[in-house]
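Welcome, and please get your viewer ready. We will go from stop to stop, with a selection to make at each one.

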Amino acid sequence: MRFLITGTAGFIGFHLARRLLDEGNEVVGLDGLTPYYDVELKRRRHAILSRHDGFREERVMLEDQAGLKRVWEDSGSIDAVVHLAAQVGVRHSSEAPGEFVDANLIGTFNIMELIRRRPVKHFLFASSSSVYGANSKTPFAETDMCDQPLSFYAATKKSCELMAHSYSHLWGIPTTGLRFFTVYGPWGRPDMAPSKFTHRIIEGKPIDIYNHGRMERDFIYIDDLIEATVRLARHAPERLADSSSSGRALSSRQHRRRSTRRAAVACRRNRKESWKNGHPQHVAAPGRRCSLRGCLR
Ligand SMILES: NC(=O)c1ccc[n+]([C@@H]2O[C@H](COP(=O)([O-])OP(=O)(O)OC[C@H]3O[C@@H](n4cnc5c(N)ncnc54)[C@H](O)[C@@H]3O)[C@@H](O)[C@H]2O)c1
């Protein structure tokens, strides 16, 4: 398959592109190499990807409509787009909200406009667990109400979900939104806790713990996340039809089931483990099917 992945110089995009290239796919990797964190780390990730013949690097900003159009035209036929590039950082979104509007709202809109003009088999995009916001019920479920974001980052991610839903509905774009929970692993982001803690511990310094240590969080290992994403990428959701269209209409129950499958990124093994160990936040609730199980059928 031929993929366009945005954010390939970033943590998740790098791992996803590497996995797909290793499997013999072709990847057009789009990234603006923004200076939010060490650009040298991003260059090194791209240098590794560039060793593959199937990789083509495109340094373009999501806000640059003309640049995106050029890449899109030069890329030829693309089977699937995985849109991961975004301005990240919950705390940073209070300091520089405009960067989040530009990269996340305008950037996602620009990517969807490309797809509207030349459809692909599957459009996947990264959302975030932060959309659960003020939701106090755990474990979180994909069907929970997510209308109370507690950070501006979360507000932009939820807005992307809404924009993607309308584009999918209006233009028949098979779309999957992925609510990633905190991801860790090699080549991880230096602004995140595992990396920060490691550096402080190596330096013999105390680590910063927020909220007076009263903090619980689920983490997902990068390889598990990539496995889920790759499997989902191969399975574009079927088109949902409303009663006025010629397609097969789905009952609201079927609709709910499919939405759940699309949004879940937890695997069955994780689910069992997490429920056994208590306090799970990132897993599909018992009785709900997780995405991997659906894909493995
Ligand atoms: N890492 C996590 O724990 C986590 C959790 C939830 C959601 N996500 C989402 O997953 C996606 C990937 O996250 P990540 O951890 O790999 O982040 P990352 O910052 O490592 O990667 C994002 C990449 O996007 C690029 N980028 C940012 N703004 C851009 C712009 N305007 N134009 C072009 N390129 C731009 C950056 O240069 C960077 O390489 C993001 O959408 C993020 O919101 C990540």
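## A partly exposed tryptophan

Start by selecting Trp187, which has 16 C-beta neighbours inside 10 Å and therefore counts as partly exposed. Keep in mind throughout that this is a predicted model. Trp187 sits in the loop between S7 and helix H7 (193-202). Now look at its backbone: phi is near 65°, a positive value in a residue other than glycine. For context, most residues other than glycine have a negative phi, and most peptide bonds are trans.

## Another positive phi

Next, select His212, in the loop between H7 and strand S8 (219-221). His212 is not a glycine either, yet its phi is positive, at about 55°. Is His212 buried or exposed? It counts as exposed, because it has 6 C-beta neighbours inside 10 Å, and 12 or fewer is the cut-off for that class.

## A cis peptide bond

Move on to the loop between S5 and H6, where you will find Pro139. Show the backbone from Thr138 to Pro139: the peptide bond joining them is cis, with omega about -5°.

## Two helices side by side

Now colour H5 and helix H6 (residues 152-171); their axes come within 10 Å and cross at roughly 15°. How are H5 and H6 oriented to each other? Angles under 35 degrees count as roughly parallel, so H5 and H6 are roughly parallel to each other. Turn the view to look through one helix at the other, and you can follow a right-handed crossing of H5 and H6.

To see the contact itself, show side chains on both helices. On H5, pick residues including Pro97, Phe100, Leu105, Phe109 and Arg116. On H6, the contact residues include Phe152, Tyr153, Lys157, Met163, Tyr167 and Trp171. By class, the residues of this contact of H5 with H6 divide into 13 nonpolar, four polar and two charged.

## Around the ligand

For the last stop, select the ligand and the 27 residues that surround it. The closest of these are Gly10, Gly32, Ala85, Ala86 and Ala103. Four elements each give two or more residues to this shell: helix H1 (11-22), helix H5 (97-117), strand S5 (122-128) and strand S7 (182-184). Which element supplies the largest share of the shell? It is H1, with three residues.

Finally, colour the shell around the ligand by class: 14 residues are nonpolar, nine are polar and four are charged. Keep H5 highlighted as you do so, as this helix both contributes to the shell and makes the contact with H6.

Conventions. Residues are numbered from 1 along each chain as its sequence is written. This is a predicted model: local features need pLDDT of at least 70, side-chain atom pairs count only at pLDDT 80 or more; totals for chains, interfaces and linings use all residues. A residue is near a molecule or strand if its C-beta atom, placed from the backbone, lies within 6 Å of it. Ala, Val, Leu, Ile, Met, Phe, Trp, Tyr, Cys and Pro count as nonpolar, Asp, Glu, Lys and Arg as charged, and the others, Gly among them, as polar. Axes are lines fitted to C-alpha atoms, for helices over the stretch in contact, and angles run from 0 to 180 degrees between N-to-C directions. Angles under 35 degrees count as roughly parallel, over 145 as roughly antiparallel, 65 to 115 as roughly perpendicular and the rest as oblique. A crossing is left-handed if the near helix is turned anticlockwise from the far one by less than a right angle, and right-handed if clockwise. Two residues are in contact if their C-beta atoms, placed from the backbone, lie within 7 Å. A residue is buried if 20 or more other C-beta atoms lie within 10 Å of its own, exposed if 12 or fewer, and partly exposed in between; C-beta atoms are placed from the backbone.
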